[in-house]
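Good morning, colleagues. My topic today is the contacts made by aromatic rings, and I would ask you to keep the structure in view as I speak.

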Amino acid sequence: MVGFSTQPYGIQSMLKDGHRHMSGLDEAVLKNIDACKQLSTITRTSLGPNGMNKMVINHLDKLFVTNDAATIVNELEVQHPAAKLLVLAGKAQQEEIGDGANLTVSFAGELLQNAEELIRMGLHPSEIIIGYTKAINKTIEILEELVEEGSQTMNVRDKDDVISRMRSAVASKQFGQEDILCPLIAEVCPKNPVNFNVDNVRVAKLVGGGLHDSVVVRGLVLKNDAVGTIKKVENAKVAVFVGGVDTTATETKGTVLIHNAEQLENYAKTEEAKVEELIKAVADSGAKVIVSGAAVGEMALHFCERYKLMVLKISSKFELRRFCRTTGAVALLKLSQPSADDLGYVDSVSVEEIGGARVTIVKNEQGGNSVSTLVLRGSTDSILDDLERAVDDGVNTYRAMCRDSRIVPGAAATEIELAKRLKEFSFKETGLDQYGIAKFAESFEMIPKTLAENAGLNAIEIISSLYAEHASGNTKVGIDLEEGVCKDASTVRIWDLHITKFFALKYAADAACTVLRVDQIIMAKPAGGPKPQQQGGMDED
């Protein structure tokens, strides 16, 4: 009996062995939608102030306890290509605005779930895409109309103005703490918003105490001790050396032949004299603080003590750059006499003990300094990490409101109004895309529904009473989660930034349409061999 092999035909004959190919509605489109639904189910329960926390353990065994969607989707290593599109939309939102990543991922998932129902009814994906595109354009128009009057202009120096726009972003991460956190964040953000760089707002996390012990420092807080015995200097000039404060070894190897004890003594003495000469040169230039980017030698330290110089060691080069920004110093490569222009200035450098950890506080209140630090206190590391994310969101919201300070009513009031108006718009459309628009409008209900469910309220009652209020013309009525009733968002002072909503909905609709446009998935055989190395070497930021 001769064994005969069947020749592969069709697409099999074209591609290498081991590939996977899926096409058609059932295999490709609906499977993609399903994967995206799974992802948005994860983030959805973390939406809003009553959102639940997720415990994520990443591939390096690091534990995250957070309800910040950007962190969650970043740390989940999502493999499915369609779900990755949603992750990318969330990341884009996080980089553009810094808040609203959860809205993006959850809303895109909801759009796809509704598209699945339409596909099962027999609509073609391209008709749904046309409907969704019309709907998002209409949504952006309506969103413009819902902007609160008079919010186009904002005084950045007015704390209340800033806090009212920041509250909802911070409350969605740390509900109940926003009244403590918002004033701190408003204070830590620089007052000239023109060239505002998020990196200039530092967060120092120190375990111990409580949130009410947190303070704002104009300057830097370094998490290490001073090297020598001098722990406090005021009104001092600063010299920064990147290469370390030590005797420099020569580039080439040399051999020194010593014949007798006298020569040996002289050799050691000249080395001492050389180090002393260098340190004295720094001291003579008027500097009282030396900052080293690498190790500080024993002998150099001895002479620094003699000339009453305070020595700090900052090993991270990113931190060293920030230190130079704070003090206005120029980092010099090797130990030499600095010129007057290279020196920086600080109001005070002092080592203090906060909650058992020794930290060096570098204060600089003068005009040129743009770096300020928020010292956060809390009982455990994961609480501090979560607080830092809330602060990060607040700072990013501040940056966004410097770009565009318009606000829309929060607490799901905007979403219900959008749903209502889009529904009306869909009735005016003829053709099959009206179903797409109607489903897009329905998707907005996900937000009040999720907010209510996460707060343990009856979602159906809440949504119907919201619709009733909006039908009678109260466009600003949203959910008051504390009392579980519908209230006017402007009286409870819950506002969302227009720009956050604008980008979140835009990215979500784009991601959903991109997933719907896919009708075939062709995966080549994965390459063998070891996995490529991840790039490391950055500091914790």
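Let me begin with Phe-444, a residue of this predicted model. Phe-444 is buried, because its relative accessibility is 0% and the cut-off for that term is under 20%.

Which partner does Phe-444 have in an aromatic pair? The partner is Phe-440, and the arrangement is edge-to-face, with 5.7 Å centre to centre and 75° between the planes. Phe-440 is itself buried, at 0% relative accessibility.

The structure holds six aromatic pairs. Another of these joins Phe-440 to Tyr-132; this pair is edge-to-face, with centres 5.4 Å apart and planes at 70°. Where do the two residues lie? Tyr-132 belongs to helix H6, residues 125–145, and Phe-440 to helix H14, residues 433–443, so their pair ties together parts that are 308 residues apart in sequence. Tyr-132 also counts as buried, with a relative accessible area of 0%.

Taken as a group, Phe-107, Tyr-132, Phe-440 and Phe-444 are linked into a cluster by ring pairs.

I turn finally to a contact of another kind, that of a charge with a ring. What sits over the ring of Phe-64? It is the charged end of Lys-62, placed 4.7 Å from the centre of that ring.

Thank you for your attention.

How values were computed
Residues are numbered from 1 along each chain as its sequence is written. This is a predicted model: local features need pLDDT of at least 70, side-chain atom pairs count only at pLDDT 80 or more; totals for chains, interfaces and linings use all residues. Side-chain values use heavy atoms; hydrogens and water are left out. Rings of Phe, Tyr and Trp (its six-membered ring) pair if their centres lie within 6.5 Å; planes under 30 degrees apart count as stacked, over 60 as edge-to-face and the rest as tilted. Helices (H or I, at least four residues) and strands (E, at least two) are DSSP runs, numbered from the N terminus. Buried means under 20% relative accessible area, exposed over 50%, partly exposed in between (1.4 Å probe, protein chains only). A charge sits over a ring if NZ of Lys or CZ of Arg is within 6 Å of the ring centre and within 35 degrees of the ring normal.
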